[in-house]
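Work through the short exercises below with the model open. Try each task before you read its solution.

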Amino acid sequence: FSKQFSLRWIRELSSENTVFEKQTDYNSLQLPKNKCMATYIWIDGTGENVRSKTRTMDSIPTNPKELPIWSYDGSSTYQSLGSNSDTYLLPVAVYNDPFTKGDHKLVMCDTYKYDKTPTDSNKRFCCMKALAQVKDVVPWFGIEQEYALMDLDNRPFGWPKQGFPAPQGPFYCAVGANKVIGRAIVEAHYRACLYAGLTISGTNAEVLLSQWEYQIGPCEGVGAADELWMSRYILHRVAEDFGVVVSLDPKPVEGNWNGSGAHVNFSTKAMREDGGIKEIEKAIEKLSKHHMRHIEAYDPKGGKDNERRLTGRHETSDIYTFSAGVANRGASVRIPRGVAEDGKGYLEDRRPSSNCDPYSVLDVMVRTCLLCE
Ligand code: ADP
Ligand code: MN
Ligand code: MN
Ligand code: MN
Ligand code: MN
């Protein structure tokens with residue numbers, strides 16, 4: 001679709017149509033041996049958008065330590081003043097690049113100011129400090145990323161230009177041209193994530209027409225957050241190829257329409273072992289005592305974004321009240337039915353918003369449940 005679209009656009013602009021069409025197959029160009037395009041990716045000053053730029057390496061890196069520290073203009077990403085703008089990129093994880101393929105790489109980075117201290121949007125730094133103290137309990141995280149596909153006018157992709165689609169009900173996990181929109185994008189993203197080496201564990205159509213979900217994990221420790229950021233980058237890039245925009249806004253359409261969340265599933269070794277439900281209940285007890293601290297960490301605006309989503313309706317809890325329950329999708333924290341039956345497994349925190357920074361979520365989760373801070 002996108003290729004046809006851009007070719008049509010080129011044709012309209014050019015009188016030498018056939019020449020243009022023949023020249024669009026740049027992917028088959030033979031590149032010099034051992035050259036690697038490494039695309040560095042980082043979170044900008046908004047705490048929710050990603051940026052990237054690419055450099056050539058003379059060897060094929062497989063480990064972040066093999067990649068040099070780089071820098072960028074932080075004054076153009078809301079991360080520094082123009083008079084002192086060089087901001088550092090520190091590679092933390094390397095994945096295969098599904099766009100350039102071959103030996104080319106996507107590189108997740110965290111960011112540091114001119115004086116080598118973490119930038120304000122570098123939540124990974126603090127998260128790593130918490131995780132370093134709990135290595136022996138082997139924390140696992142699995143994150144469910146919901147999002148909406150939007151057109152360039154910021155309306156859900158495929159919605160009628162005037163008015164609204166039918167009320168919610170038929171769209172969740174649906175099939176059919178009148179019930180789902182954008183499946184080609186979703187499947188391209190799924191494949192691209194697998195190619196990259198991410199632990200993507202599934203996907204489904206969501207309750208709002210044009211809204212989708214995929215899951216990352218379970219991964220040990222910070223890997224879940226690194227992978228989630230990389231999967232978001234890949235999603236934005238895939239959608240870009242289709243001329244469609246990804247919205248991670250927790251309430252993409254106001255009114256009687258579902259919002260988007262990023263449920264975070266969490267377990268320790270003890271929770272996964274027989275009788276682990278006791279440990280899960282202990283963690284929930286601790287979570288119940290720090291509700292507002294968690295709400296502040298669960299979206300990039302200290303709870304303001306989630307105010308629009310956590311209304312107590314549309315499969316959410318109320319933002320001001322902590323609640324927990326087995327199989328309860330209206331609770332802050334849910335124990336999945338299967339976990340209650342097995343007496344072991346994990347808990348699901350349903351509060352994080354779709355645009356949350358997973359580093360902040362993991363950080364506060366570990367500090368409350370494991371470090372008892
Ligand atoms: P639902 O929509 O019913 O809440 P999903 O299947 O969408 O559930 O997501 C379940 C999530 O739980 C996945 O991201 C998965 O990786 C994660 N998960 C499964 N087992 C564990 C575990 N032991 N610890 C942490 N996360 C887990
Ligand atoms: Mn320049
Ligand atoms: Mn889910
Ligand atoms: Mn969902
Ligand atoms: Mn869920």
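**Exercise 1.** Describe the make-up of residues 123–373 and find what a record says about them.

Solution. This is a predicted model. Over residues 123–373, the chain is 35% helix and 17% strand. The end C-alpha atoms of that stretch are 18 Å apart. Now turn to the record. UniProt lists residues 123–373 as "domain: GS catalytic", in an unreviewed entry.

**Exercise 2.** Decide whether Pro218 is buried, partly exposed or exposed, and place it in the fold.

Solution. Start with the element: Pro218 sits in strand β8, residues 211–220. Next, count neighbours. Pro218 has 19 C-beta neighbours inside 10 Å. A buried residue needs 20 or more. Therefore Pro218 counts as partly exposed. Then list its contacts, leaving aside neighbours within four places in sequence: Trp140, Phe141 and Gly142. Finally, take Lys135, 83 residues away along the chain: its C-alpha atom is 16 Å from that of Pro218.

**Exercise 3.** Compare the reach of helix α5 with the expected span, then say how enclosed α5 is.

Solution. Helix α5 covers residues 223–241, which is 19 residues. From first C-alpha to last it reaches 27 Å, close to the 27 Å expected at 1.5 Å a residue. Of its 19 residues, 15 are buried, so α5 is largely enclosed by the rest of the structure. Gly243 follows α5, with a positive phi near 70°.

**Exercise 4.** Which residues touch the most other members of the largest nonpolar core?

Solution. The core has 88 residues. Ile41, Val107, Leu149, Met230 and Leu362 touch the most other members. Helix α5 gives the most to this core, with 10 residues. Now follow Leu362. Beyond four places in sequence, Leu362 touches Cys127, Phe141, Val222, Ala224 and Ala225.

Definitions and conventions: Residues are numbered from 1 along each chain as its sequence is written. Chains are lettered from A and ligands numbered from 1 in the order in which they are written. This is a predicted model: local features need pLDDT of at least 70, side-chain atom pairs count only at pLDDT 80 or more; totals for chains, interfaces and linings use all residues. Helices (H or I, at least four residues) and strands (E, at least two) are DSSP runs, numbered from the N terminus. A residue is buried if 20 or more other C-beta atoms lie within 10 Å of its own, exposed if 12 or fewer, and partly exposed in between; C-beta atoms are placed from the backbone. Two residues are in contact if their C-beta atoms, placed from the backbone, lie within 7 Å. UniProt positions are given in the numbering used here, feature names are shortened, and annotations may be inferred rather than shown by experiment. The expected span of a helix is 1.5 Å times one less than its number of residues. A nonpolar core is a set of buried Ala, Val, Leu, Ile, Met, Phe, Trp, Tyr and Cys residues joined through C-beta atoms within 7 Å.
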